[in-house]
Amino acid sequence: MKFTLSWLKSHLDTSATLDEILYALTDLGLEVEGVENPAEKLGAFTIGKVLTAEKHPDADKLNVCKVATDEGELQIICGAPNARAGITVVVAKPGTYVPGIDITINVGKIRGIESYGMMCSEREMELSDEHNGIIELPSGEVGQKFTDWLAENDPAKVDPVIEIAITPNRPDALGVRGIALDLAARGLGTLKPAPVTPVAGTFPSPITVSIDDDALAGCPVFYGRVIKGVKNGPSPAWLQDYLRAIGLRPISALVDITNFFTYDRNRPLHVFDADKVAGNLRVHAAQGGETLVALDDKEYTLQPGMTAISDDNGVESIAGVMGGLPSGCTDETTNVFLEAAFFDTVRTALTGRALKINSDARYRFERGIDPAWTPEGLEAATQMILDLCCGEASEVVMAGEMPDHSRAYKLDTERCQSLVGMEIPAETQRATLEALGFVMEGDMAHVPSWRPDVLGEADLVEEVARIASLTKLVGKPLRRTSDALPKQILTPMQKRESIGRRTAAGLGYNECVTYSFIDGKQAALFGGGTDATRLENPISSEMSHMRPDLLPGLLAAASRNQARGFGDLALFECGPAFHGGEPGEQHTQITGVLIGRTGPKNTHGSSRPVDVFDAKADVEAILSAIGAPAKVQIMRDTAEWFHPGRSGRICLGPKKTLAVFGELHPKVLDAMDVKGPAVAFTIWPAEIPLPRKAATTRPALKVSDLQAVERDFAFVVDASVEALTLVNAAAGADKALIEEVRVFDEFIGSSLGEGKKSLAITVRIQPIETTLKEKDLEAISTKIVEKVQKATGATLRG
């Protein structure tokens, strides 16, 4: 929606500056999208007077002029044919930017004579295309700003053009008067009265109007009248200036008047050439197949149900959208039929979309106009036609009935203050609504006919808040529900996930967020792909199943990165994986992958391929951060997508798995198109036991004052026995006293026999209450040997 400042001030009596108006418009919800202020680029130009003008000694077409300015007498070289002594001109002094020729004036020499400025033409100042000579002003004082002279003598040339964005719920702001009403309610001026005096008809209208029953829903009411003896021609300068400023092309007085009311009062009108109308007009629903050449010179075929206006010859206008060319007005038009009707918003929108017509009339009718101003709009337009085009008006003809859009809602002033969050006195709230056109009867606010967007009590609150300005809101802290410390908001699981994310990022991993949907083949690689997790309506064939693990998404991301030249990757994700399709059949995982090398190659040789121990170190760091017990077991039975000999399962027993880590199986890497080496880990935060006592601080460090004892054992076992099995068996001999078990030697030789090996371990025993005696240590050693023998079939090496 565009309008000029002077157009706005024709409705609003205000002394506010342009900047104050622009700020208020945006604050009121009418966001300013742009401002074109011609005065800004003309601000440096001043008025001067040519004192003398003599021929340049070295150029026939140049004159050396002495010009009186606010900085004294300046010498200016000018080539304009009308440059002469005694004329009042517009001067651009050195340092002034001239927009029409895109240069900044400097002191220069022209044919050996210095010039200290420029006298400008209208084209050079972008005032018009006139460039046959410099501007000659009929008046003006030397040194006066040219913009001030224009404001007094030709204000249209320095009239700022304002463009605002209109939301679909504010059709009242599609008229300049509606915008002025908002500003007046804000306090930026007073709304000027705009009474409409009915024009008495001097003869019955020779053209009548009827509305068929099938069209009453699309056109409830229709007003019209004939005006004979008009003289159509160019509209006055003020009207053309208004229209040109907002981007409309002046056509003729009759057409310009209808365009003026469209933008001035949000009241679309249409004028028919009465001499081209055959018989009377009828508003009806189209049967389908009727054609019309509209005012845009295009032929349209109507569809069944569209509202049309026809005479005896056929369709003459598409109701609420666009008039027809055959009955349009021309310079030869002498008799017109002026139409002012109210058309249904939905029907107009459907018709416009179907025919792909975008017009100012459709834009307004489909959003909603003021139905009560329909007859007043007819009278106001009639008076302007008589004033500008002369003529004689007939009596008004009317068809249908004015729709009743009256409604009222209760204004709860206390509730309004509570919702807005500001202290607004009840009297101010009522005064605000009255200033916006609402009629107050006690606590009931009757909605004005031009506000179809107000449909409830909440809308009254919005209007009060909008005028009061939400920029005045002051932030206030929420009141505590109790004096005690507030309870924690995050659940233990949410805290674990957050800590896990921070720890993984601190270890150098980059977080990924991947889709929860993967294709069936990938899901099958990671233990899924069953019907239980298959989607009934996938968004693509590559997203047919819920992911059973986070690894597929991370490996797919790694593959894409490798394809783009990034070979060394550290990625992680925290999110849900699914083992079924029912609610609750999901589990949270923290999963990471390391691919490539530990770092770039360097002279110190510290770069190496990632291995299983990198994954083990990282998974242990994350488990420690989120509160997992320090004493855990590592089992070798991992999922099939891990390498069977280079992976482990961290658990608190055979069935209590906290995490898995290891090198990924080569067949999985091949299927996912990932180049190794690649190691990964997965943590199940929900499996980590919660602490027995919730505390906000760490427990005290417990250090025993008793001497720890270490005992070494060497066992002969089958070559196929894993060292981890032996270590776990030894650690389980006495979980209270045995602090640590570690392998320190492995020996394979012919002296042990075929298929045998020797594993040597160190067991660290930490006394708790008293110093252990020799017999106590012997008892623990015996248990260790028995446990290892039972678990592995080992014999103690002699």
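**Close-up views of a predicted model**

**View 1. Cysteines without disulfide partners.** The count of disulfides in this predicted model comes to zero. Cys120 is in no disulfide, and the cysteine sulfur nearest to it, that of Cys78, is 9.5 Å away. A pair would need its sulfur atoms within 2.5 Å. Cys120 counts as buried, because its relative accessibility is 0%. Cys219 is likewise in no disulfide; its nearest cysteine sulfur belongs to Cys329 and is 19 Å away. With 0% relative accessibility, Cys219 counts as buried.

**View 2. The largest nonpolar core and the surroundings of Leu183.** In soluble globular proteins, nonpolar side chains tend to be buried together. The largest nonpolar core of this model has 99 residues. Leu25, Ile164, Ile179 and Leu183 are the residues with the most contacts inside it. Helix H10 (residues 374-389) gives the largest share of this core, seven residues. Leaving aside residues up to four places away in sequence, Leu183 touches Leu8, Leu12, Ile21, Ala24, Leu25, Leu28, Leu188 and Gly189.

**View 3. A second core.** Separate from the largest nonpolar core is a second one of 25 residues. Among its members are Cys574, Ile622, Val679 and Phe681.

**View 4. The largest pocket and its lining.** The largest pocket holds about 1700 Å³ of space. Its lining is made up of 42 residues, and those nearest the centre of the pocket are Ala630, Lys631, Val632, Gln633 and Ile634. Two helices and three strands are named here as giving two or more residues to the lining: helix H17 (612-625), helix H19 (723-731), strand S35 (633-635), strand S36 (642-651) and strand S40 (738-747). Sorted by class, the lining has 22 nonpolar, eleven charged and nine polar residues.

**View 5. Glu20 in helix H2.** Glu20 lies in helix H2, which spans residues 18-27. Glu20 is partly exposed, because its relative accessible area of 44% falls between the limits for buried (under 20%) and exposed (over 50%). Along the chain, Glu20 and Ile76 are 56 residues apart, and their C-alpha atoms are separated by 40 Å.

**View 6. Ser540 in a loop.** Ser540 is found in the loop between helix H15 (520-525) and strand S32 (545-546). With a relative accessible area of 29%, Ser540 is partly exposed. Ser540 and Phe661 are 121 residues apart in sequence, and from C-alpha to C-alpha they are 32 Å apart in space.

Methods. Residues are numbered from 1 along each chain as its sequence is written. This is a predicted model: local features need pLDDT of at least 70, side-chain atom pairs count only at pLDDT 80 or more; totals for chains, interfaces and linings use all residues. Side-chain values use heavy atoms; hydrogens and water are left out. Helices (H or I, at least four residues) and strands (E, at least two) are DSSP runs, numbered from the N terminus. Buried means under 20% relative accessible area, exposed over 50%, partly exposed in between (1.4 Å probe, protein chains only). On a 1 Å grid over the protein atoms alone, a cavity is a set of points where a 1.4 Å probe fits but cannot get out, and a pocket is an open set with protein on both sides within 12 Å along at least five of seven lines; lining residues have an atom within 4 Å of a point. Grid points are joined across faces, edges and corners, and a volume is the space filled by probe spheres set on the points. Ala, Val, Leu, Ile, Met, Phe, Trp, Tyr, Cys and Pro count as nonpolar, Asp, Glu, Lys and Arg as charged, and the others, Gly among them, as polar. A nonpolar core is a set of buried Ala, Val, Leu, Ile, Met, Phe, Trp, Tyr and Cys residues joined through side-chain atoms within 4.5 Å. Contact means heavy atoms within 4.5 Å.
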